[in-house]
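Please read the following walk through the structure with the sequence and the coordinates at hand. The account starts from a single residue and moves on to sheets, helices and chains.

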Number of protein chains: 4
Amino acid sequence: MRGNQNRVTAEGAPDSSRVVLVGIIGAGSALWGYLHALDRLAPRGYAQEGTICARNRERWPDILRRRPHARLVSDPAEVLESEAEVLVIVTPPDTHVELAKAALAHGKHVVVEKPLGTTPTEARNLVEFAQSRHLHLLASPFVYLSPTFRALWTRVRRGDIGDVHSGRALYGNLGSAHAAWYHTGGIGPLAELGIYNVKSLTALIGPVRAVYAAQMTALRPRAVAGRRIANPDPDVVHALIQHQSGALSSVVASHAIWTYRRTAIELYGTNGTANLLGDDWDPRAYEVWQSTAGAWEVHDSIDPTWHWSDGLRELVTALRERRAPLASLEHDLHVLDVIEAASLSANSGQAVEVTSTYDLPDLTLDDSMASYVHDHTRSPDEQQ
Amino acid sequence: MRGNQNRVTAEGAPDSSRVVLVGIIGAGSALWGYLHALDRLAPRGYAQEGTICARNRERWPDILRRRPHARLVSDPAEVLESEAEVLVIVTPPDTHVELAKAALAHGKHVVVEKPLGTTPTEARNLVEFAQSRHLHLLASPFVYLSPTFRALWTRVRRGDIGDVHSGRALYGNLGSAHAAWYHTGGIGPLAELGIYNVKSLTALIGPVRAVYAAQMTALRPRAVAGRRIANPDPDVVHALIQHQSGALSSVVASHAIWTYRRTAIELYGTNGTANLLGDDWDPRAYEVWQSTAGAWEVHDSIDPTWHWSDGLRELVTALRERRAPLASLEHDLHVLDVIEAASLSANSGQAVEVTSTYDLPDLTLDDSMASYVHDHTRSPDEQQ
Amino acid sequence: MRGNQNRVTAEGAPDSSRVVLVGIIGAGSALWGYLHALDRLAPRGYAQEGTICARNRERWPDILRRRPHARLVSDPAEVLESEAEVLVIVTPPDTHVELAKAALAHGKHVVVEKPLGTTPTEARNLVEFAQSRHLHLLASPFVYLSPTFRALWTRVRRGDIGDVHSGRALYGNLGSAHAAWYHTGGIGPLAELGIYNVKSLTALIGPVRAVYAAQMTALRPRAVAGRRIANPDPDVVHALIQHQSGALSSVVASHAIWTYRRTAIELYGTNGTANLLGDDWDPRAYEVWQSTAGAWEVHDSIDPTWHWSDGLRELVTALRERRAPLASLEHDLHVLDVIEAASLSANSGQAVEVTSTYDLPDLTLDDSMASYVHDHTRSPDEQQ
Amino acid sequence: MRGNQNRVTAEGAPDSSRVVLVGIIGAGSALWGYLHALDRLAPRGYAQEGTICARNRERWPDILRRRPHARLVSDPAEVLESEAEVLVIVTPPDTHVELAKAALAHGKHVVVEKPLGTTPTEARNLVEFAQSRHLHLLASPFVYLSPTFRALWTRVRRGDIGDVHSGRALYGNLGSAHAAWYHTGGIGPLAELGIYNVKSLTALIGPVRAVYAAQMTALRPRAVAGRRIANPDPDVVHALIQHQSGALSSVVASHAIWTYRRTAIELYGTNGTANLLGDDWDPRAYEVWQSTAGAWEVHDSIDPTWHWSDGLRELVTALRERRAPLASLEHDLHVLDVIEAASLSANSGQAVEVTSTYDLPDLTLDDSMASYVHDHTRSPDEQQ
């Protein structure tokens, strides 16, 4: 245990020469998302790729073929004890809390891929540990950081469509053909995929007071990594959410959806309607219809290169700027409460209450970020 | 009471010279929809406009301004006792059953605007009465008659997207600014609007075994016809439906929605996805994604002039062709059971079971109907 | 010759009890479009269907099957000498001028399907004749009458996108499988189809000073009405139009296009962009992007039931209201000049100048027409 | 002059350990596009960033702020004489040929940003020089390399829509607020922007035999880099292209277009229609309508992360694999001939012939590339 050398200090002058060393534990699909983030940070001099732990040595040749300079290790301890200032945890969900705690114990700031924990209880425990260590802990999904989401949030929260009474969202894919834990680990599509929608809807509409959910298994058996799973976990969840405000949301999450063409997030209010197009993890546009205007106002994505791994950029930037990252662990814990309530409801056939709540940070989008982007293959701050 | 002169006889030779006289009871918004249907049937020599009952004489000047030749009466008995062969009931929902029964008692075939009855019990009673009189009874919504819906149904039912595990649908408007019964009559948005989605989803996915629903009131107070309603009925309903097949559907219906941009009906199956665009009461296109093709196949509406009042055309045509209209009263009753279950659930906070079931008629679309339509302002059979 | 009993008199009090009798000469595809208009006017007490001349008696059974009450005649003189106040000319283009003149000579007001004449010279002659007789002459296309087009026009003309420098438009279909004159009559796709785009673009951007065009024949041979046409007329025309303002437009018209997905009309200006979606003969929406707003503002069609045969409604309404119909024969003649110039250019390989010009009527859309339409199967004035 | 050490040798075994050093000359907007390509190649061990020449030292601080490790030089000779194996030329167009020749003379393989030369003559000279030196020369635009474009090309070229008779394309932006040469250098929007459309359309439809074009100046004066240009170059060009096959294309290019919503490339054939959506420099989807299917078949982008700077990846990969890059300099020269003909035509008012032609490489897309992409934020070969 290395101690607390990275302890968050009082906010101070940005340290623009600081290069943050980033280690990674985990070598599944999400690894490549965070490496994508690193590959954008490194040329800017913001971050440097540290050691990467891939326990399973059979995966090393493939990783090295794609990244010959990768510094691979097979023991997480080697990353924990490295010089890295930030650790990214992209292992299967049931190890998130243990590894994140170990990272914090080693004085690292931590980015955890979703979900923060497999239960709200263990996640709360982790959050408290991070706070006690005065270290940053960031949990995916990072919808707060998407400028397009924030622009939508700004419009909705300032009342442009009146009081929101209904939300709708759906996200699905086919699950994993490689990782058995997707389909046997008890996590389920709401915690794996729907967590995006739940985080977005609660950011937009506010906290939840009760959830009713139903689930079923559509693809049975499943083939994962050449193995046949006769009785996979449920791969379809529908949840009906009652917000504390009285508003209602309908959410569908599934590991049995090939593809979709739907509005990602729909919000209906007493004075209009607002939509997010694309996905909340990859927004393409948002649109607002206000009764006073009587027309749809469509805004293309403010930064189409925004990536769902953006929490890493945020943490690195926050460290360089000596500020707290834009996040709310209270909100993340509430999201886990909602997901657990849905799971309990699906098993009991009864609606389940949620009692936690949270304060949201101000996600208002500074107007200067919302300028028109011509070349949507480059982020606004990479254009001249 | 005129007896049973219109009794359905054995199917025989089509009577192409027969002009069906159509009377109407009711003078609200839906009247104009059925007059639209009549105005298309009349020039073809299929039907003739009979007497129209508008009880409220204050409405007569407006009706006569728009249709100077209308033969208005203020007593329903005058329509019931007219020579009309078919009666259309477009009065407020709580009078549907009584008037439809009276029409049947007078030997008329009947088209009833949605809902068939305010409770499944009274609707069942009405259906039995029609059957005992050997007269046709058609209940809106008429999704079966939409060629675009039928093309989608044909694709889904033949297994093009595998087993359907999930459906989604939403329909909403602002309710009525004229008719107080919309907002105080206990009918609610699911019976008024969502009934379309429920009929479509059950036609596509099959019967329902349980419903959970939640509701709230978004617009309070409401102004209707210059009057302030302090405590209007709930105007937002979300329902989570479990089908007998195990599939799940999420449905939202609301009288507090200004407008929307969403996929009307989404179906997710084990081999692909299918969508209906526009509305099920006014389809613009359907699209199918099959895993074997890996691309969206998009079909524009087969007949963009198809109108939601099409039950009247169907009944008139069926009478001329001496065949039964394309309908399933069993299905209509099941739809009412689902709506009642949703209402019970919203009040109790418990999921409510549905036990009825139904046989669907074959809605397979004859390929000849599906030909390409260039001028979408004219129905395919009006093009040369 | 019956004299001039329908002469346009000084504007006076609307005659709301007047029922205008409408005769029709011609029995091709366009007949059904104008009957659609009549079937909407008749129930309102605005117009009454008169005699219809179908020269070819072989077509009578089909017409009577579809409209058993039609009063068919085979000699145009019977329509000319009927009591009809308005005549609609929907014969092949090379007879338009002769028949329209005969109708005017009989004191009828006249609606002529596109094109007004096969040459600008004969069309000018016709226009002068109508003016000398003080009778109304309306020429398709009727883009002025489309509320959605007028809303777009209002925005563009008041400068919302700055000075327009570029227009683009395309319209095409497969020509006719029934009427040989489409493909051997020398009319061509620009006069048959592109005339819509040319009228729209000149209404939006202003008069033309020169045209360059090229044409080719894509479908060779063609089968029309069971007959093989070895060398049909060119069925593809591209035209590059220079407006008097300096703006440029690119227009494509073709009888060899199966279908399309494109923006119907695009306008690029110094301060933004404006588009018409759908077709100018059937608009679905318009959208405007202004530099000051930085977002697309999308307006769904103001009246999706608007029909391209609307000139008949306009003439009937104008007669009842004792006003001039909303039209500009000068503009129609200019459109024909542009089409002739394109034809000359395609043959010579040289750009050809156009010298005529026109005053546009004020097409500003009264805001009251632009209210939100929920049920897009009914025109705004048919909704309660 | 370093000689010819990089001479293209006979194709041999791929050299998977080879890391290609890449130097860059030029520091305008396009620099960042190629750095984006480099930042994706470097972590894979394919390439390494060499020296970058930014002549104007005033730009250095900004570049170093964004890329602190950049090795900047101000004299192109330092890049020419560096160890780099590949040089990228992203200077203003009038220096492309001179610098590319110098690079070839130093034995470098070269990627040149569009246009290859300001005249076809100087570009031909450059191509011959590269061939004489047995070195690779790649010219932007790189539409051949876009998998989505290639999938469309494969469909069109194998006859899925019959014989193509018409193409349409438009591309525009607001020009440059920083580089005066955009608006005073005589290059114009067709050579700067429309070159993409011309390359795409000629790849899809075949070589051009004549061009008619017209141009105008919409934005006058212009402000560029704080300077007022009273008489900027024309910023709007419309071109009507006749292909050797007889097909016609209409192309619009402009530096006075704020934004657009249009189908990027439309192709109309005797058996159907095909479209490219998005932009040919950033395709979002392609869609095909065949008469045999009667429905649109819509394919989302095969690799939404594909970037217009992809020629650099292609050259690096080709060198590692000891093969020729996928390109046709003959085609690039023909494209310049078309652009020059358009310019001559715009000045003379006469159509101008083009006599050159070219052989296209086979762009058929291997089916294995076209697999379904779920996470469109990552390229297919970066997904597990």
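In this predicted model, Val127(C) lies in helix 5 of chain C, which spans residues 120-133. Val127(C) has a relative accessible area of 4%, and because the limit for a buried residue is under 20%, Val127(C) counts as buried. Leaving out residues up to four places away in sequence, Val127(C) touches Leu116(C), Leu137(C), Leu329(C) and Leu333(C). Leu31(C), by contrast, is 96 residues from Val127(C) in sequence and 23 Å from it in space, C-alpha to C-alpha.

One of those contacts, Leu137(C), leads to the sheet of chain C, where Leu137(C) is part of strand 6 and stands opposite Val110(C). Strand 5 of chain C, residues 109-112, pairs with strand 6 in the parallel sense, over three bridges. The whole sheet is open and has six strands in the order 3-2-1-4-5-6, with parallel pairing. Strand 3 (71-73) and strand 6 (137-139) of chain C have a single partner strand each, so they form the edges and one side of each has no neighbour in the sheet. From one strand to the next the twist averages 20°. Helix 1 of chain C, residues 29-41, packs on this sheet and touches strand 1 (20-25), strand 2 (47-53), strand 4 (86-89) and strand 5. The direction of helix 1 makes about 155° with that of strand 2 of chain C.

Chain D also has an open sheet of six strands, with parallel pairing and the order 3-2-1-4-5-6. Its edge strands are strand 3 (71-73) and strand 6 (137-139) of chain D, each pairing on one side only. Neighbouring strands in the chain D sheet are turned against each other by 20° on average, direction ignored. At one edge, strand 2 of chain D (residues 47-53) and strand 3 of chain D form a parallel pair over three bridges, and Ile52(D) has Leu72(D) of strand 3 as its bridge partner. Helix 4 of chain D, residues 96-105, packs on the sheet against strand 1 (20-25), strand 4 (86-89) and strand 5 (109-112), and its direction makes about 165° with that of strand 5 of chain D.

In chain A, helix 6 covers residues 147-157; ten of its eleven residues are buried, so the helix is largely enclosed by the rest of the structure. Among the buried residues are Phe149(A), Leu152(A) and Trp153(A), and also Arg150(A) and Arg155(A). Which elements do the buried residues of helix 6 of chain A pack against? They pack against helix 8 (188-205) and against strands 7 (164-172), 13 (265-269), 14 (272-279), 15 (282-290) and 16 (296-300) of chain A. Just after helix 6 of chain A, Gly159(A) takes a positive phi of about 95°.

In chain B, helix 6 (residues 147-157) and helix 8 (residues 188-205) pack at an angle of about 35°, with their axes 9 Å apart. Helix 6 of chain B contributes Phe149(B), Leu152(B), Trp153(B), Val156(B) and Arg157(B), while helix 8 of chain B contributes Ser200(B), Thr202(B), Ala203(B), Leu204(B) and Ile205(B). By type, the residues of this contact are seven nonpolar, two polar and one charged.

The largest nonpolar core holds 114 residues, of which Leu116(B), Leu267(B) and Leu312(B) touch the most other members. Helix 8 of chain B gives the most to this core, with ten residues.

Finally, chain A can be laid on chain B by a turn of 180° and a shift of 0.0 Å along the axis, with an RMSD of 0.0 Å. The two copies are therefore related as by a two-fold rotation axis.

Key:
Residues numbered from 1 in each chain as written. Chains lettered and ligands numbered in written order. Predicted model: local features only at pLDDT ≥ 70, side-chain atom pairs only at ≥ 80, totals over all residues. Heavy atoms only, no water. Helix = DSSP H or I, 4+ residues; strand = E, 2+ residues; numbered from the N terminus. Buried < 20%, exposed > 50% of the residue type's maximum accessible area, 1.4 Å probe, protein only. Contact = heavy atoms within 4.5 Å. Least-squares fit on C-alpha atoms with pLDDT ≥ 70 in both. Axes fitted to C-alpha atoms, helices over the stretch in contact; angles between N-to-C directions. Nonpolar A, V, L, I, M, F, W, Y, C, P; charged D, E, K, R; others polar. Pairing = 2+ DSSP bridges. Core = buried A, V, L, I, M, F, W, Y, C linked by side-chain atoms within 4.5 Å.
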